[in-house]
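Colleague: Could you walk me through one part of this fold up close? I'd like to see how the helices pack and then how the neighbouring sheet is put together.

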Amino acid sequence: MIARLVALLLALLPIAAAAQAPGVTADPILLRRADALVGILATGGDYDRYFAESFRTKVPREQLATLAGQLRAALGAPQTVESLKATTAWSADLVIGYERGTAAVTLALDPAAPHLATGLLVTGTGMRDDTLDKVTAAFRALPGASGFGLYALGEAAPTPIAGYRADAAAPIGSAFKLWVLDETARQVAAGTRHWAEVVPLGTRSLPSGVLQGWPAGTPVTLQTLATMMVSISDNTATDTLMAVLGRAAIDARAVANGGSAPVLTTREAFAVKSDPALTTAWTAATPPARRALLESRKAEIAAAPLDASVFGGKPVAIDSVEWFASPLAMAGVLDRLRKADNPVRAILGVNAGVDSATAGRFRYIGYKGGSEPGVIALNFVVQARDGRWYAATGNWHRADDQVSELRFSGLMTRLLALVAAR
């Protein structure tokens, strides 16, 4: 979903000594390309001779330079490949050692000569000698408004370990879908719904997701909808599920979880943000009036053509046409979900939201994030190797500009690294 900024390390192991996946042998050219990547990230290197045309078309030199510059600003100069785990003969997961930390990177080469790089994805970063105080200071330094909370989970309410503005409600984007998952689990537990229940696919929304491209009315189970909603943040799956569960029930579950109501469907959010008059009316209305507004414009919103270009890469009405909750509230719903019957925990765990190295430090990791121009929120529930449970939740928003997904995901991954080290 997101290119992530996660951690920073320094190691002097030669690339030839790096570990590889059992049964997979990296081609020697892959090892050399991995080694040369350090220079690419340091100075730009020979961009045209390192990357295949297919990559250069999608990721221009300037875009890669911006990413590399962000990494250097956070971690210092890149110095070496700390580890390499081959996934095929021509692809590998790397850890690049920087002065002050590490970056986890996935690299893929074209198997055909001259074996140029066709894929490069930064999946995480981490800081050396990190502390909760340093992470808190980094949250405070974010432009705009931000907040996070780290909690120990048990039988009682989440116990705070660290936080910054943890009780302040903020925009959370698609992370509201945790409320929908919680209400689905509640109705299944009550016997009014069943995970295997089949319903027709509802009105299309915009991506993220894939179900907007499926035939109208395709039969799908509630478990399929919930899994697509959480694992790939599928908006059409979300709206279909919300229609099945009912607005009143979703609103009640959102409020019970410390969130805002009425809860917009994703199509409603797109439609309201796209219409200045609707945005103004929504912003000025009380919650009951907002429900009445949605009901009165129901047919119009269902038929409205949606166009993601309305955002133009800039924040749109994120202070009003949104979903709102605090880090503490999000920790509460994660705690509720991790205690729910299967398959809820399995659904949350389909997409770990972090690089494989970070995920591998936990027995279990569940995740749901949300983002749009100007907004990002990431929420994790994890079980440490010693069996203890934690929630790490955070948000960042600014109405004047985009937020850096790379920078923010790096902060959240640093939190998880500190949890793993406890």
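**Helix packing and the sheet**

Modeller: Let's start where two helices touch: Lys177, Val180 and Leu181 in helix 6 meet Ala226, Met229 and Val230 in helix 7. Of the residues in this contact, five are nonpolar, one is charged and none is polar. Keep in mind that this is a predicted model. Helix 6 covers residues 177–190 and helix 7 covers residues 222–231. Their axes are 10 Å apart, and the packing angle is about 155°. Angles over 145 degrees count as roughly antiparallel, and helix 6 and helix 7 are therefore roughly antiparallel to each other. As for handedness, helix 6 passes helix 7 in a left-handed crossing.

Now for the sheet. It's an open one with five strands, in the order 6-5-13-12-11, and the pairing is antiparallel. Strand 6 (159–164) and strand 11 (362–372) are the edge strands, each pairing on one side only. Going from one strand to the next, the twist averages 10°.

At the strand 11 edge, the partner is strand 12 (residues 375–384), and the two pair in the antiparallel sense over 10 bridges. If you want a spot to click on there, try Ile365, which stands opposite Val382 in strand 12.

Over at the strand 6 end, a helix comes into play: helix 5 (residues 132–140) lies across strand 5 (145–153) and strand 6. Helix 5 runs at about 45° to strand 6.

Terms used
Residues are numbered from 1 along each chain as its sequence is written. This is a predicted model: local features need pLDDT of at least 70, side-chain atom pairs count only at pLDDT 80 or more; totals for chains, interfaces and linings use all residues. Side-chain values use heavy atoms; hydrogens and water are left out. Two strands pair if DSSP finds at least two bridges between them. Helices (H or I, at least four residues) and strands (E, at least two) are DSSP runs, numbered from the N terminus. Axes are lines fitted to C-alpha atoms, for helices over the stretch in contact, and angles run from 0 to 180 degrees between N-to-C directions. Contact means heavy atoms within 4.5 Å. Angles under 35 degrees count as roughly parallel, over 145 as roughly antiparallel, 65 to 115 as roughly perpendicular and the rest as oblique. A crossing is left-handed if the near helix is turned anticlockwise from the far one by less than a right angle, and right-handed if clockwise. Ala, Val, Leu, Ile, Met, Phe, Trp, Tyr, Cys and Pro count as nonpolar, Asp, Glu, Lys and Arg as charged, and the others, Gly among them, as polar.
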